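Student: I have a structure open in front of me and would like to learn how to read it. Could you walk me through it?

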Amino acid sequence: MEAPAAAHNLAETDLIINSPEQMRELGRRLAKLLRAGDLVMLSGELGAGKTTLTRGLGEGLGVRGAVTSPTFVIARVHPSLGDGPPLVHVDAYRLGGGLDEMEDLDLDVSLPESVIVVEWGEGKVEELTEERLQVRIHRAVGDTTDEVRQVTVTGLGERWAAADLTVLAA
């Protein structure tokens, strides 16, 4: 009978985002819900807006440095400019070894003090913590200039069970 308990520890909301600026604003609103120790997993096609969302998160958390895609460095730390947690931005796209390669980044060491955002982390970082926020960004695929994104934010675990994710809607 684990299914009902697992379903109980779940918070979810769906949002429609119409522009890159709205995606950044979503990141800024999301930052208000985050605290040290939180893991945020971002998934979506190339160009869906994962880094744009993370840029807004960085602005909302008040961290130093321009948030850019960490594709080639794999992980980038943005220290807080105030008394908030640092932001650790990870791109797991090129990590094929799953948790073993992720452990080489020592994310579990920095998780308690940081907000960790992992792009392309599905199937790779779930073992870091059972409590995480999953953000799935869906966009129209194919030859389109459509900026509309459907974003599903799911909070997993006790940390997010009582969270009101509807505050993310503008």
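Student: Let me start in the middle of things. How many of the six residues of E2 are buried?

Tutor: Good place to begin, and please keep in mind that this is a predicted model. A residue counts as buried when its relative accessible area is under 20%. For E2, six of the six residues pass that test, so the strand is largely enclosed by the rest of the structure.

Student: Which residues of E2 lie on one side and which on the other?

Tutor: Leu39, Met41 and Ser43 are on one side, while Val40, Leu42 and Gly44 are on the other. Every one of these residues is buried, and both faces of E2 are covered.

Student: Now the strand's neighbours. How do I read strand pairing?

Tutor: Strands of a sheet pair through backbone hydrogen bonds, and the pairing is either parallel or antiparallel. Here, E2 and E6 run parallel and are joined by five bridges. Within that pair, Val40 has Leu133 of E6 as its bridge partner, and Met41 stands opposite Gln134 in E6. E2 is also parallel to E5, with four bridges between them, and Leu42 is partnered there by Glu119.

Student: Which strand has Asp91 as the bridge partner of its Glu119?

Tutor: Glu119 belongs to E5, and Asp91 to E4. E4 and E5 are parallel and share five bridges.

Student: What is on the other edge of E4, and in which sense does it run, parallel or antiparallel?

Tutor: Strand E3, residues 75–78, is joined to E4 by four bridges, and the two run antiparallel. One pair to look for is His78 with Leu87 of E4.

Student: Is E4 enclosed or open to the outside?

Tutor: Five of its five residues are buried, so E4 is largely enclosed by the rest of the structure. Leu87, His89 and Asp91 point one way, whereas Val88 and Val90 point the other way.

Student: In what order do the strands of the sheet come?

Tutor: The sheet is open, has seven strands and mixed pairing, and its order is E1-E7-E6-E2-E5-E4-E3. E1 (10–17) and E3 stand at the edges with a single partner strand each, so one side of each has no neighbour in the sheet. On average, neighbouring strands are turned by 15° against each other, direction ignored.

Student: And the whole chain? How many helices and strands does it have?

Tutor: It has six helices and seven strands. Reading from the N terminus, the elements run α-β-α-β-α-β-β-α-α-β-β-β-α. The chain has 170 residues, of which 45% count as buried. Of the contacts with a separation of 6 or more, 65% are between residues 24 or more positions apart.

Student: How should I read a helix?

Tutor: An α-helix has 3.6 residues a turn, so residues three or four places apart point the same way. Take helix H3, residues 50–61, as the case here. At 1.5 Å a residue, its twelve residues should span 16 Å, and the end C-alpha atoms are 16 Å apart, which agrees. Just after H3, Gly62 takes a positive phi of about 70°.

Student: How many of the twelve residues of H3 are buried, and what covers them?

Tutor: Nine of the twelve are buried, and the helix is mostly covered. Among the buried ones are Leu53, Leu57 and Leu61. Their cover includes helix H2 (20–31) and strands E2, E4, E5 and E6.

Student: Which strands do H3 and H2 lie across?

Tutor: H3 lies across E2, E4, E5 and E6, at about 170° to E5. H2 lies across E1, E6 and E7 (149–156), at about 155° to E1.

Student: One loop residue to finish. Is Ser114 buried or exposed?

Tutor: Ser114 sits in the loop between helix H5 (107–110) and E5. Its relative accessibility is 4%, so Ser114 counts as buried. Leaving aside neighbours within four places in sequence, Ser114 has contacts that include Arg35, Asp38, Pro86 and Val88.

Conventions. Residues are numbered from 1 along each chain as its sequence is written. This is a predicted model: local features need pLDDT of at least 70, side-chain atom pairs count only at pLDDT 80 or more; totals for chains, interfaces and linings use all residues. Side-chain values use heavy atoms; hydrogens and water are left out. Buried means under 20% relative accessible area, exposed over 50%, partly exposed in between (1.4 Å probe, protein chains only). Contact means heavy atoms within 4.5 Å. The expected span of a helix is 1.5 Å times one less than its number of residues. Two strands pair if DSSP finds at least two bridges between them. Axes are lines fitted to C-alpha atoms, for helices over the stretch in contact, and angles run from 0 to 180 degrees between N-to-C directions.
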